[in-house]
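Biologist: Could you put the model up so we can go through it together? I'll ask, you answer.

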Amino acid sequence: MKTSDKLWKDVLKGKLPEQLAQEIDQFETEIELRKQGKIEEKVFAETRLRRGAYGQRYDNGQRYDGTESRKLPFADKPTKGPGTVWDAPGMLRIKVPFGGLNPQQLEVMAELAEEYSDGIAHVTTRQDFQLHFIHIENTPTIMRRLAAVGITTREACGNAVRNVTACPIAGVCHDEAFDVTPYSHALAWFLMGHPDTMEFGRKFKPAFSGCAQHACGIVQMHDIGYVAAVREVDGKLQRGFKIVVGGGLGPVPRQARTLTEFAPVEEMLPLTQAVCRVFGKNGEKKNRNSARIKFLVDKWGIDKFREEVFATRKELREDPRWLGMLKGAEDAAEGPLHPPGEFPAINGNEKLRQWIKGNVRDQRQAGYVTAAVTLPLGDITGDQLRALADIIAKYTRGTIRTTVEQNFLIRWVSKADVPALFADLDAVELAQPGSSSIVDVTACPGTDTCKLGISSSRGLGGELRNRLLQKSYQLDEAIKGLHIKVSGCFNSCGGHHVADLGFYGVSRTINGYKVPHFQVLLGGQWENNAGSYGLPIIAIPSKRAPDAVDRVTEYYVKNREKDERFHAFVKRVGKSPVRELLEPLNQDFPSHDADPSFYSDWGDPRQYSIGDIGIGECAGEVVSRYQFEMTSAERLVFEAGLHLDRGELQLAGETAYTAFLRAAKALVQMQYDDVSNDPDEIVAEFKERFFDTQIFFDPFVGPKFANDFFAAHTARGEKFTADTAHQRITEAQLFIEAVHNCYNKLRSTAPALPTKA
């Protein structure tokens, strides 16, 4: 243990909640035991994950330098988990239930970012904080310093209940049924470490919303969601929740389904416990790819799932915390520091006017507003955090929350204080306008720090933000409210499925070089608590993605009907015209010598690659046939989306299945060029050559994409609904991406490919 670590342990002794103190001591011991090889690496990996300590890119000790993969100079020590070097920096995720923070907590966060990280704290799309480049041996000290101000990293990662998110304007919203803040706080601490949450096969994400129509809580995309509601009983209004289950994004998104239209608030905790018990007992454990609760709901159907939950609820032993943790909830409320007021004269301050227009919203309490602090890509420096702590203490009672769009929201600001607040924020570069607008691009960490990143989501997000800011004063009002969300891979951590314009990272080969690309998604809806999910329409080179935004938004402005929102516009005109707009971006590629930057990713001068795989040789006719078949497969999956838009559900599902076959055949042809179009033969050859050999397995989800193909083949002739057709299309698109990745891997080892006589 370092001297500073021992000093902090002594200084904070007796100042931490007893349970958290014991858990941190235990984790510190487990670190030492792992260093001695006395804890198996897989066990330790899950242990640290449940403490919020997560892996980070290059933690396998290797990095591609543009020419080849090179070993990084780490000492030879026990691993932190399979393929994870001990001294390689990682990420620490910090739970912030409902996003609520105070000035003291912000100051501690600033200190930790500067002392242990790179000086940057990152707000996530689940209202958490993340610190990157953290050494595993520093984590107990960080955890103690956080616990001393009421924050924990407990179960921020791993197969556990993750951060409980909630609408950041809860308690001050005009449209809410009631303030969900105390209920989200109670749920977060009730479920933390609860025995009924210890046997999950995967993570479990809850969310609260005060109303059904806005996007603040986005409950439809969560494992369990709570929408505040009231009903009249014996002449009195009773608080309760509509509870939904089985939502989620990830590779194949699901919309949550209704567990109950109304559960009284006193039933919230026991009913949630019953859901957790049913999930823990019956959810998948071995195959992580189908271990989320949405798959259990799919397997059983919502009726059986509901039946099991309510039966389990009846069997639960009475817990005094069910009501005890809600004591005072109806009376809980924040209050202001200063009296209400009215806006002073702006006096021609255009910068202030634009900030008020984009970032300031009236509260339901007269004379007060909320003020959004826009964080580009969710990043804030230590100095800015300290300044922000002082600012909110100056103007409010420390009432600030993080948001799912990676920003802060200051609450209970007197209208009279708005110009002074703006001036103080502007002095520390925290007064950027455009919160929740098209310039406020959301992006996951992507290839910057995530091991699963395919393309640079933060790089693209930053480029889009800069370009849009440069012309923000000239942007048409129709597009200012659009949402752009970027993910570095198919897993949707950036929320691309629920954006007006979504992007997720993929890889393609151009002129013999791998080139970063992004799939463009249309049809997502941020409003109505994530009311609908988008579908991919085309993959384009990463460096041309900003041009795609320009083309789509200009087309919308030119062709929309009066007051027509973007989601309605896309539904009316269809995706074909938009795809036609973007198809030229897949033509006239520069040669590598003429423009090497086209073959690298945003913010990364190296030659682009995935997984440190070198660039293979062109395979002549085989490559040509492959490209032909894959172009056809991508066309088919796009056409399936058009059929779905037109309500041609059966044709949509069947076309998606054909896309599966075409992509599989493209891969099989690399080894067996005489394969026929017979589906059974394609499936048999694919299974023998790429599934049984595990060549096709994805490093993250293993055999999932192949299993989706086999399931689609087995289900031939099924009757499709809108949901199952949508699912089949999404699975086909992901299978196509997996084929591309497998193809790139095979090309890097081309001499060893066998052929069939």
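Biologist: Let's start inside the chain: is leucine 430 buried, partly exposed or exposed?

Modeller: Ground rules for this predicted model: local features need pLDDT of at least 70, side-chain atom pairs count only at pLDDT 80 or more, and totals for chains, interfaces and linings use all residues. Residues are numbered from 1 along each chain as its sequence is written, and side-chain values use heavy atoms, with hydrogens and water left out. With a 1.4 Å probe and protein chains only, buried means under 20% relative accessible area, exposed over 50%, and partly exposed in between. Leucine 430 has a relative accessible area of 1%, so it counts as buried.

Biologist: Which residues does leucine 430 touch, leaving out those up to four places away in sequence?

Modeller: Leucine 430 sits in the loop between α13 (418–427) and β18 (442–443); helices (H or I, at least four residues) and strands (E, at least two) are DSSP runs, numbered from the N terminus. A contact means heavy atoms within 4.5 Å. With sequence neighbours up to four places away left out, the residues touched by leucine 430 are Val373, Leu375, Ile380, Gln384, Leu388 and Leu425.

Biologist: And how far is the C-alpha atom of leucine 430 from that of alanine 372?

Modeller: Along the chain, leucine 430 and alanine 372 are 58 residues apart. In space, their C-alpha atoms are separated by 9.6 Å.

Biologist: On to charges: which residue forms a salt bridge with arginine 51?

Modeller: Side chains of opposite charge can pair when their charged atoms come close. The rule here asks for a side-chain nitrogen of Lys or Arg within 4 Å of a carboxyl oxygen of Asp or Glu, and it gives 52 salt bridges. For arginine 51, the closest N and O atoms are 3.7 Å apart, and the partner is glutamate 23.

Biologist: How many residues separate those two along the chain?

Modeller: Arginine 51 is in the loop between α3 (41–50) and β1 (53–54), while glutamate 23 is in helix α2 (residues 18–35). Arginine 51 is buried at 12% relative accessibility, and glutamate 23 is buried at 12% too. The pair links distant parts of the chain, at a separation of 28 residues.

Biologist: Where does glutamate 405 find lysine 485, its salt-bridge partner?

Modeller: The closest N and O atoms of glutamate 405 and lysine 485 are 3.7 Å apart. This pair joins distant parts of the chain, 80 residues apart, with glutamate 405 in the loop between β16 (400–402) and β17 (408–414). Both glutamate 405 and lysine 485 are buried. As for lysine 485, its place is in strand β19 (residues 484–487).

Biologist: Is aspartate 692, which bridges to lysine 687, buried or partly exposed?

Modeller: The closest N and O atoms of aspartate 692 and lysine 687 are 3.0 Å apart. Lysine 687 has a relative accessible area of 36%, so lysine 687 is partly exposed. Aspartate 692 comes in at 47%, which also makes it partly exposed.

Biologist: Which strands stand at the edges of the sheet β1-β4-β7-β6-β15?

Modeller: That one is an open sheet of 5 strands with antiparallel pairing, where two strands pair if DSSP finds at least two bridges between them. An edge strand has a single partner, so one side is left without a neighbour, and this applies to β1 and β15 (379–381).

Biologist: What angle does helix α4 make with β7?

Modeller: Strand β7 (residues 129–134) is joined to β4 (residues 90–94) by 5 bridges, running antiparallel, with arginine 93 opposite glutamine 130. Helix α4 (residues 103–116) packs on the sheet and touches β4, β6 (120–123) and β7. Angles run from 0 to 180 degrees between N-to-C directions, with axes fitted to C-alpha atoms, for helices over the stretch in contact. Between α4 and β7 the angle is about 20 degrees.

Biologist: Last one: what is the radius of gyration of the protein chain, and what would a compact globule have?

Modeller: Buried residues make up 59% of the 757 residues, and the C-alpha atoms fill a box of roughly 80 × 70 × 60 Å along the principal axes. The radius is taken over C-alpha atoms, and the globule rule is 2.2 Å times the number of residues to the power 0.38. For 757 residues a compact globule would be near 27 Å, which agrees with the chain's 26 Å.
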